[in-house]
Amino acid sequence: QAQVVESGGGAVQAGDSLTLSCEDFGRTFIGFAMGWFRQAPGKEREFVAGISWTGHLIYYADSVQGRFTISRDNAKNTVYLQMNSLKPEDTAVYYCAVKGGNYYYNPSMAHEDYDYWGQGTQVTVSS
């Protein structure tokens, strides 16, 4: 069964760091771009970061540029989101997603371009 599973969420203080992981347990998505999205209570799901299969093409939302770093280790079938200088407004459920469509190997910022989603991991940042 094709699935990706996030881990690494938690409750931290403002200014702290967290690293989220997203693992493709079935090695189903070889060659695919991956993205991180988040959804805060009462808000729409928003793009955070995306990375191509090769890692050469990376996008960030303006709100996290310079603080978050997306990376991947294809040998481990895992994508990471390193989050530094966390702010209370970063509080959300973070989702990992697999890009679909004809250009599945390059990321996009549109959630509708992603076909498979993890169950999400909660990140809570207190001031």
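Is Y104 buried, partly exposed or exposed? Y104 is partly exposed, at 32% relative accessible area (buried is under 20%, exposed over 50%, partly exposed in between; 1.4 Å probe, protein chains only). The model is predicted: local features need pLDDT of at least 70, side-chain atom pairs count only at pLDDT 80 or more, and totals for chains, interfaces and linings use all residues. Numbering starts from 1 along each chain as its sequence is written, and side-chain values use heavy atoms, without hydrogens and water.

**View 1. A tyrosine patch on the surface.** Y103, Y104 and Y105 make up a nonpolar patch (residues over 30% relative accessible area with no salt bridge, nonpolar side chains joined within 5 Å). Together they offer about 320 Å² of accessible area (Shrake-Rupley, 1.4 Å probe). Y104 sits in the loop between β9 (92–99) and β10 (114–117) (strands are DSSP E runs of at least two residues, numbered from the N terminus).

**View 2. An open sheet of four strands.** The order is β1-β3-β8-β7, with antiparallel pairing (paired strands share at least two DSSP bridges). β1 (4–7) and β7 (68–73) are the edge strands, each pairing on one side only.

**View 3. The hairpin of β7 and β8.** β7 pairs with β8 (residues 78–83) over six bridges, in the antiparallel sense. I70 has L81 as its bridge partner; S71 stands opposite Y80. Four residues lie between the strands, and N77 takes a positive phi near 55°.

**View 4. Two faces of β7.** F68, I70 and R72 point to one face and are buried. T69, S71 and D73 point to the other and are not buried.

Note on methods. Patches are made of residues with over 30% relative accessible area and no salt bridge: like charges are joined within 9 Å, nonpolar side chains (Val, Leu, Ile, Met, Phe, Trp, Tyr) within 5 Å. A salt bridge is a side-chain nitrogen of Lys or Arg within 4 Å of a carboxyl oxygen of Asp or Glu.
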